[in-house]
Amino acid sequence: MAVTLEQAQRVGYTCLKALLRFAFMVANNLVAIPSYVLYLIMLQPLRMLDSKSFWYIEGVLFKWLLAMVASWGWWAGYTVVEWGDDVKAVSEDEAMVLVNHQATGDVCTLMMCLQDKGTVVRQMMWLMDHIFKYTNFGIVSLIHGDFFIRQGRAHRDQQLALLKEHLEKYYRSRNRKWIVLFPEGGFLRKRRETSQAFAKKNNLPFLKHVTLPRLGATQVILKTLVAPQENGTPVGREAVIKESKSKGLQWVIDTTIAYPKGEPIDIQTWILGYRQPTVTHVHYRIFPVKDVPAEPEALTNWLYERFIEKEDLLSHFYETGAFPPLQGQTKAVSREMTLSNLWLVGIQSLAFLSGGMWYCIFQYFYHCLF
């Protein structure tokens, strides 16, 4: 079949746009990430004198970096519509966010849709696969205090012990509020077959749009971060909570990401922007942590129920193009998430100005020394 001139022009334009976007992303990373690191190196005296103020500034810089990532998708027309409970109402409380996992773009989607949720982004902690430690953003996540978890049965017990230690050491000392994890333990396409075989063997529901979640990380987070009056844990084991005067983890936010036609966006698409503008749909359900069981078997069943509900939500979405209404509602209400282009341009400009400033500083010291 012959390619028309119009088709050739369209392909050429798409390739050129992707190339320019990639070049911008590389330049953005070359100035923004080193600037983040250098600012925090310069602020180390403040960290010793006033740790709270240091981590406040770090959180602001971290939010700006995530906003830059969000801007790559926003300017490509990859927007978000939100459904279900309004999580802004609990943005100042401690919460655990459970998310289904389909592709690398899930993280980018969360980076975008949480930008307008108050202080959430700068005070959140991420649990992610250890491989992300070796990406360009790895140094930022390491400094921020995110946890990189190694998958696999052979590492499970050790990783859960390390997670508990990490939470006790960093979560409240850095004033974290939300913790985000993907309980499925991997992408849908990689885990679906294994999950379905496990479900069949154990007389569990057959799931197509999600996989059965794993218990480990969720249980460690609840045991470590829930205040004693809520889970019955002896006060002596929750000294960190008492000292920080924290109310402890108060909410579990069940978050379901849905892509039109079930076609997820990956990080390459997010960066290059070669896919047509797409609306990603995000559904939230908020559960008080006091309603979440602590015992392993009961917690496992509770988690399974959440992902069975996700399966129903996604089935309804793929059939109708919308999520069903919440209990007690007659019609589902959606909210279009928006970002300010002026603000995004402002933080991008600040990143490049910072890069130029650090370059001039290094040039000055180089000429002074040599």
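This note goes through the annotated spans, the internal cavity, one buried polar side chain and the cysteines of a predicted model.

1. Basis. Local features of this predicted model need pLDDT of at least 70, side-chain atom pairs count only at pLDDT 80 or more, and totals for chains, interfaces and linings use all residues. Residues are numbered from 1 along each chain as its sequence is written, and side-chain values use heavy atoms, with hydrogens and water left out.

2. Annotated spans. An unreviewed UniProt entry lists residues 20–42, 54–75 and 342–366 as "transmembrane region", and also assigns residues 95–219 to "domain: Phospholipid/glycerol acyltransferase"; such positions follow the numbering used here, feature names are shortened, and annotations may be inferred rather than shown by experiment. With helices (H or I, at least four residues) and strands (E, at least two) taken as DSSP runs numbered from the N terminus, residues 54–75 are 95% helix and 0% strand, with end C-alpha atoms 32 Å apart. Residues 342–366 are 100% helix and 0% strand, and their end C-alpha atoms lie 36 Å apart. The span 95–219, by contrast, is 40% helix and 14% strand, with its end C-alpha atoms 14 Å apart.

3. Cavity. A cavity is here a set of points on a 1 Å grid over the protein atoms alone where a 1.4 Å probe fits but cannot get out, and lining residues have an atom within 4 Å of a point; grid points are joined across faces, edges and corners, and the volume is the space filled by probe spheres set on the points. One cavity of 30 Å³ or more is counted, and the largest cavity has a volume of about 60 Å³. Its lining consists of N28, N29, A32, I33, L65, M68, V69, W72 and F137, with α1 (5–42) and α3 (51–74) each supplying at least two residues.

4. A buried glutamine. Q348 lies in helix α13 (residues 341–369) and counts as buried (under 20% relative accessible area, 1.4 Å probe, protein chains only) because its relative accessibility is 4%. The side chain of Q348 makes a polar contact of 3.2 Å with that of N28 (N or O atoms within 3.5 Å, one able to donate a hydrogen and the other to accept it), and N28 is one of the residues lining the largest cavity.

5. Cysteines. With a disulfide defined as a pair of cysteine sulfur atoms within 2.5 Å, the count is zero. For C108, the nearest cysteine sulfur is that of C113, 11 Å away, which is too far for a bond. C108 is buried at 3% relative accessibility, and C113 is buried at 0%.

Notes
On a 1 Å grid over the protein atoms alone, a cavity is a set of points where a 1.4 Å probe fits but cannot get out, and a pocket is an open set with protein on both sides within 12 Å along at least five of seven lines; lining residues have an atom within 4 Å of a point. Buried means under 20% relative accessible area, exposed over 50%, partly exposed in between (1.4 Å probe, protein chains only).
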